[in-house]
Amino acid sequence: MFSQIYYVIRSTADGRYLVAHPESNSETATPAGYLLMFSQDFEALSYLNTHGADVANRFAVESLPGSQLKNLLKRWGFAGVAVVRDPLLPTIEFFAQI
């Protein structure tokens, strides 16, 4: 996981990352959520174009080395990562930070 490159979606307006909130109950939901990650840059672009075509121009796809992942999660206070396996459906696997 540390030697792999991941791709994340980030707002060009305020620099925030695109996150997922799997819990539907607002009382138990983690405020920062789970960082959405993709294994390829074209998967992140497909996700943006499929699920946010009207706002896609407000976001950029960035690469994230696996070696920087833990520090980024800690700095932003994310609960973990949400790895998108299929950007069109979408199929997402959630992994909590320990």
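The following exercises treat the salt bridges and aromatic pairs of a predicted model.

Local features require pLDDT of at least 70 and side-chain atom pairs count only at pLDDT 80 or more, whereas totals for chains, interfaces and linings use all residues. Residues are numbered from 1 along each chain as its sequence is written, and side-chain values use heavy atoms, with hydrogens and water left out.

**Exercise 1. Determine how many salt bridges the structure holds, and state which parts the pair Arg10 and Glu62 ties together.**

Step 1. The criterion is a side-chain nitrogen of Lys or Arg within 4 Å of a carboxyl oxygen of Asp or Glu. Three salt bridges are present in the structure.

Step 2. One of them joins Arg10 to Glu62, at 3.6 Å from N to O. Arg10 belongs to strand 1 (residues 5-11) and Glu62 to strand 4 (residues 59-65), so this contact ties together parts 52 residues apart in sequence. Strands here are DSSP runs (E, at least two residues), numbered from the N terminus.

Step 3. For accessibility, buried means under 20% relative accessible area, exposed over 50%, and partly exposed in between (1.4 Å probe, protein chains only). Arg10 is partly exposed at 22%, and Glu62 is partly exposed at 29%.

**Exercise 2. Assign an accessibility class to each residue of the salt bridges Arg16 with Asp14 and Glu93 with Arg85.**

Step 1. The side chains of Arg16 and Asp14 pair at 3.6 Å, N to O. With 55% relative accessibility, Arg16 is exposed; Asp14, at 48%, is partly exposed.

Step 2. Between Glu93 and Arg85 the N to O distance is 3.0 Å. Glu93 is partly exposed at 35%, and Arg85 is partly exposed at 47%.

**Exercise 3. Establish how many aromatic pairs occur in the whole structure, and describe the geometry of Tyr34 with Phe94.**

Step 1. Rings of Phe, Tyr and Trp (its six-membered ring) pair if their centres lie within 6.5 Å; planes under 30 degrees apart are stacked, over 60 edge-to-face, and the rest tilted. The search finds five aromatic pairs.

Step 2. Tyr34 and Phe94 are edge-to-face, with 5.3 Å between centres and 80 degrees between planes. Tyr34 is in strand 3 (residues 34-37) and Phe94 in strand 6 (residues 91-96), so the pair ties together parts 60 residues apart in sequence. Tyr34 is buried at 10%, while Phe94 is partly exposed at 36%.

Step 3. Phe38 and Tyr47 form a tilted pair, at 5.4 Å centre to centre and 55 degrees between the planes. Both Phe38 and Tyr47 are buried.

Step 4. Ring pairs also link Tyr17, Trp76 and Phe78 into a cluster.

Methods
Helices (H or I, at least four residues) and strands (E, at least two) are DSSP runs, numbered from the N terminus.
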